[in-house]
Amino acid sequence: MKTDFQTFEIRRRIAARPATVYALWSDAKRKEAWFCWNGNGWTHDQYDADLREGGHERVCFTNPNLGSFTYASHIFHMRRDTGLIYGYTMTGGNGPISVSQATVTLAATDHGTEVVY
């Protein structure tokens, strides 16, 4: 088994207030709408989420050519309108694919919110 540790950072500016952006990460119906997008052959089964500190998120994505993949997360910290920290696993037909920790920060700007993932 090979273990490869990597980090990356994605920055985006969104023309919306931090409270609006935070709501997309903390409201299960809103999160499902963008996170579980169905297209390009992908579909998702039931989405299960309790988006609060100590909560979880779980979804199975399926592609007829690639198989099924399961995303499961645990939410460690949620700070209203400023960000969150969570850990998640991705598994597929052959077992574990990745284990990750994500930190998302939201910062108000003159034109909306800067999101750093």
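This briefing covers the enclosed space and the salt bridges in the structure above. The model is predicted, so please read each value as computed from that model. It holds one cavity of 30 Å³ or more, and six salt bridges are counted. Four residues, E9, R11, R13 and E114, are joined into one network by salt bridges that share partners.

**The cavity**

- The largest cavity has a volume of about 50 Å³.
- Its lining is made up of W25, K31, L51, E57, Y71, S73, I75, M78, L84 and Y86.
- Two elements give two or more residues each to this lining, namely β5 (67-79) and β6 (83-92).
- Strand β5 supplies the largest share, with four residues.
- Sorted by class, the lining has seven nonpolar residues, one polar residue and two charged ones.
- Why do K31 and E57 fall in the charged class of the lining? Lys and Glu both count as charged, along with Asp and Arg.
- Why is S73 the polar member? Ser is on neither the nonpolar nor the charged list, so it counts as polar.

**The salt bridges around R11**

- R11 meets E9 side chain to side chain in a salt bridge, with 2.7 Å from N to O.
- R11 also forms a salt bridge with E114, where the closest N and O atoms are 3.4 Å apart.
- The pair of E114 and R11 links distant parts of the chain: E114 sits in strand β8 (residues 112-116) and R11 in strand β1 (residues 11-14), 103 residues apart.
- How exposed is each partner? E9 has a relative accessibility of 51% and counts as exposed because the cut-off for that class is over 50%.
- R11, with a relative accessible area of 45%, is partly exposed.
- E114 has a relative accessibility of 19%, so it counts as buried, a class that means under 20%.

**The D50 and R52 pair**

- Another salt bridge brings together the side chains of D50 and R52, at 2.9 Å from N to O.
- D50 is partly exposed, at 25% relative accessibility.
- R52 is partly exposed too, with a relative accessible area of 45%.

Conventions: Residues are numbered from 1 along each chain as its sequence is written. This is a predicted model: local features need pLDDT of at least 70, side-chain atom pairs count only at pLDDT 80 or more; totals for chains, interfaces and linings use all residues. Side-chain values use heavy atoms; hydrogens and water are left out. On a 1 Å grid over the protein atoms alone, a cavity is a set of points where a 1.4 Å probe fits but cannot get out, and a pocket is an open set with protein on both sides within 12 Å along at least five of seven lines; lining residues have an atom within 4 Å of a point. Grid points are joined across faces, edges and corners, and a volume is the space filled by probe spheres set on the points. Buried means under 20% relative accessible area, exposed over 50%, partly exposed in between (1.4 Å probe, protein chains only).
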